Amino acid sequence: MSQRAEMRSVRVDGARIAYVDLGDPAAEPVVLLHGYPANHRAWRHQIPALAEHHRVLALDWLGWGVSERPTDLRFDYDTEVARLRRVLDALGIGDGNLFGHDYGGFLALGFAQRHPERVRRLAILNSRAHRTFVPAWYAVFSLVGLLGRSPLANAFAKVLPVAGINYAALRKPVRDGVFDRETLDDYLGWMRDPEGARWVLHYFSQYRVPARADLAAGLGGIPCPTAIVWGTGDDYLRTTIAEELAAGIPRAELTLIPGGGHFVMEKAPDEVLTALRRLLARERTGAQVSGSE
């Protein structure tokens, strides 16, 4: 299409958050949250099409992409969900559509529970959501958290090949053509710097891996139309998470994409776009509409 994405930035909590802003500024907003260890480009296949009828804001979440990586801020879950509210405030978005993949879906779920009046429609794609990872990756992320909380974390950041570990972990999707090496470099290249590695450890020092009973208990309180879009064959997350989300959220619709894998927006872009367009065509309830005005 003829529109060209524009990279902008906004300051929240004293740090710069970068984002792409595409589409009619007066149109209904769609906010896209990426997962680990990506940035806004994870949505590159969907952004132009979604922007035909909506204002699309695709964030580089704080710490990722070209956003700043402060180590003097907190990144625990409650702080991150509250930060999302402050980001939307700074962007002038009172309420909008919130779509999140992986870590972005984790944040979006908590935000929709805590601020239902601000979410017109919700999409969660291959995310730990209210649960957690398969045992092998549960152990990996737990170990990185322990390293981040160690008094020797700064020393670890100088000697641990944080970028190399992530590159190695993502060889399979590159080999399978899910994304190319240039995209992977865009996701991970900043981790080669010791300061980048230090931020990764800082982030994981406050990240908690266990399942969230509070999020599970709150599924029934989400009033908005919701899409659960899930690539099966995810190496990190079981499909039962998607099935529980769809069963627990009253207005949820489940779309399973056979073989879509964890990076579903990149491996099955057309199927994901179809599911998101179907969600955007759904009407909000009268209570939602009156509550947001």
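This report covers salt bridges in a predicted model.

The count comes to 25 salt bridges. Three pairs are set out below.

| Pair | Closest N to O distance |
|---|---|
| Asp-21 and Arg-55 | 2.7 Å |
| Arg-121 and Glu-28 | 2.9 Å |
| Arg-85 and Asp-89 | 3.6 Å |

**A strand-to-strand pair**

Asp-21 and Arg-55 meet through their side chains at 2.7 Å, N to O. This pair links distant parts of the chain. Asp-21 sits in strand β2 (residues 15-22), and Arg-55 in strand β4 (residues 55-60). They are 34 residues apart. Asp-21 has 9% relative accessibility, so it counts as buried. Arg-55 also counts as buried, because its relative accessibility is 14%. The cut-off for buried is under 20%.

**A strand-to-loop pair**

Arg-121 and Glu-28 form a salt bridge at 2.9 Å, N to O. Here too the pair joins distant parts of the chain, 93 residues apart. Arg-121 belongs to strand β6 (residues 119-125), while Glu-28 is placed in the loop between β2 and β3. Arg-121 is buried at 6% relative accessibility. Glu-28 is partly exposed, with a relative accessible area of 22%.

Both residues also belong to a network of salt bridges that links Glu-28, Asp-95, Arg-120, Arg-121 and Arg-284.

**A pair within one helix**

Arg-85 bridges to Asp-89, with the closest N and O atoms 3.6 Å apart. Both residues lie in helix α2 (residues 77-91). They are four residues apart, about one turn of the helix. Arg-85 is partly exposed, with a relative accessible area of 28%. Asp-89 is partly exposed as well, at 41%.

Key:
Residues numbered from 1 in each chain as written. Predicted model: local features only at pLDDT ≥ 70, side-chain atom pairs only at ≥ 80, totals over all residues. Heavy atoms only, no water. Salt bridge = Lys/Arg side-chain N within 4 Å of Asp/Glu carboxyl O. Helix = DSSP H or I, 4+ residues; strand = E, 2+ residues; numbered from the N terminus. Buried < 20%, exposed > 50% of the residue type's maximum accessible area, 1.4 Å probe, protein only.
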